[in-house]
Amino acid sequence: MVNNQNFIDIVHKLGEKGYPLTGVYRRIQDKELFLTAYGKLYANAGATTIGTDPEDTVDGMSLKRIEDILEQLHNGFYQWKPVRWVEIPKANGKTRALGIPSWTDKLLQEVIRMVLEAYYEPRFSSQSHGFRPQKSCHTALKQIHHSWKGTKWFIEGDIKGCFDNIDHQLLLNILSRNIKDNRFLKLISQMLTAGYLEDWRYHSTYSGTPQGGVVSPILANIFLNELDQFVKGELMPEYNKGKLRRINPDYDRIKARMYHARKKGKKDLVKELEKQRRQLPSGDPNDPDYRTLRYSRYADDFLLGFAGPRAEAEEIKQKIKNFLQTIKLDLSEDKTLITHATTQPAHYLGYDIRIAKDNNQMTKQNKQHTRHRSRAINMLPVLSVPEKVAHFWKMKYMKNGKPANRPELLQCSDFEIVTTYGSEFRGIVNYYSMAYDAARRFYPVKYMFMESAARTLANKHKISRKSVYAKYKRTSEQGVKALIVEAPNPKYPEKPYYAKLGDQPIRTSFTTAMQDRIEMFYVNRNELVQRLLADTCELCGSIDGIAVHHIRKLADIKKQYQGRKSAPDWARFMLARNRKTVVVCHKCHSQIHAGRYDTTKVNKD
């Protein structure tokens, strides 16, 4: 484990210093890396999703399966399976292709991803935010909010079918600039061309890194880093000019008149001139020696902010289009727009972004009148919730213009019903927490969620909504009305569990940011890996054919067995430990799947 941690650290340092990477294929043939990959992947929602091989799933994961992969890699015989191709709906009514690899391929992809991420992460641009550790939509939006002051034009960019159209040979050429290991590059090439099955018909793949693959996001970022470097290395030096705008002559002229009027004691004239000055920008908007270009990218969506004439904004758009054609990608014309920042919002990462303009909103002076008064929000970026987003969530659980109950939740407990509504509402509000109008937009949504939850509970118990509110509506510790359901905690009776809907006030906040992935580069054994390495059945104590039994989610067996005296020992074992895995021998595993598990000996922790 120490050797592999050193390997990942070395890879990261080589990436920082820009040195080439060698000997990768040999170093990834290590059990510890695969155990780490397993520890990272097994808990994912899609870990139990079946690819093209129904037998190749996370269920039954064992050390022997890892050893088989390592042997195939060592002998050069590893064969990637075609991915299973499914179409998932998009918000605009279209569909997006999703490739689902088999479990063994996912495991190897994760090992490759760990190496590529450690090497390329320090080489990526700070303006790239998608699918990166400690980066997210929120970090992109915070960067815009804090540093895009004075933007005049937004250039919204979207790459047409980006993930499906990445050229394999170009991608391999980019990788080969820094990775000097032909066997490793060949392994990636074989993965890219493994093909896919759609309706169980095989299709070859000639381009693209289909969404759904574990390694696809890092490969897409490596490819699109070419765009990032083009913007940073060519466009920004060309279009960034000057540090400050020159003083607006009209503004300066009024300022001089105010000075002389103040010396002569003409207070009324000073006030009148101050009103005129406030309507003018202090900097010259037509300064030919001042330009500012800023850039942000999340996956295949990008946004540029430009302070300068529109004609130059059009030039920038055309140059990006021309560059993308050199890497065999195209801009989506209907989604790549140039908008005036103060009169029309740009749409980026689900937010509306505009530049505020209010000449009359001034900063306050302190009591000593020592603070210089200025226009408080002029030319500052403002993030807001799109009206259609708030409308969508407001209408989500309505029927015929009224809040409606959710029949699919009627079999759940009151605690689960409120938890379901509460977690969904918190997710929406947390994502839009940076919007200045989050409270105005989402308090009506909260009302609809609470009404729908109350109607669901009322329908379940055949009581009125008024009775539901009397039982569960409370004022939270933060002083807002919420639905709160209490459930006993068997281990700590003095600390019961609470399900809450709407217990937090809705406020604009930039203090926290949701992140795509928190972890950085490490090789470590988590709790499940330690249990697997113990090489002992957790049910009967046998050491024969040890593997891990996985279920899709714990709620599945909770619904099936919770509270039943006839629940098998393996189900009670998982429920008691709140785990969706149990390490078992071959005999126990076969009996679990055959529905014949019947043993009285259960290993106690």
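Author: Welcome! Two strands count as paired if DSSP finds at least two bridges between them. Helices (H or I, at least four residues) and strands (E, at least two) are DSSP runs, numbered from the N terminus. This is a predicted model, in which local features need pLDDT of at least 70 and side-chain atom pairs count only at pLDDT 80 or more, while totals for chains, interfaces and linings use all residues. Residues are numbered from 1 along each chain as its sequence is written, and side-chain values use heavy atoms, with hydrogens and water left out.

Reader: Thanks! In which sense do β10 and β11 pair, and over how many bridges?

Author: Strands of a sheet pair through backbone hydrogen bonds, either parallel or antiparallel. Here β10 (residues 351-355) and β11 pair in the antiparallel sense, over four bridges. For one bridge, look at isoleucine 355, whose partner in β11 is proline 381.

Reader: What is the order of the strands in that open sheet?

Author: The order is β9-β10-β11, with antiparallel pairing. β9 (346-348) and β11 (381-384) are at the edges with a single partner strand each, so one side of each has no neighbour in the sheet. From one strand to the next, the twist averages 35°.

Reader: And which strands make up the open sheet with mixed pairing?

Author: That sheet has four strands, in the order β2-β1-β4-β5. Its edge strands are β2 (95-100) and β5 (201-203), each pairing on one side only. The twist averages 40° from one strand to the next. Within this sheet, β4 (residues 196-198) pairs with β5 in the antiparallel sense over three bridges, and leucine 197 has tyrosine 202 in β5 as its bridge partner.

Reader: Now the helices: at what angle do α8 and α10 pack?

Author: Axes are lines fitted to C-alpha atoms, for helices over the stretch in contact, and angles run from 0 to 180 degrees between N-to-C directions. Angles under 35 degrees count as roughly parallel, over 145 as roughly antiparallel, 65 to 115 as roughly perpendicular and the rest as oblique. Helix α8 (residues 168-178) packs against α10 (residues 216-239) at about 85°, with the axes 10 Å apart. That makes α8 roughly perpendicular to α10. The contact (heavy atoms within 4.5 Å) involves residues including Leu170 and Ile174 of α8 and Phe223 of α10.

Reader: How do α3 and α5 cross?

Author: The axes of α3 (residues 31-41) and α5 (residues 103-120) come within 9 Å and cross at roughly 110°. These two helices are therefore roughly perpendicular to each other.
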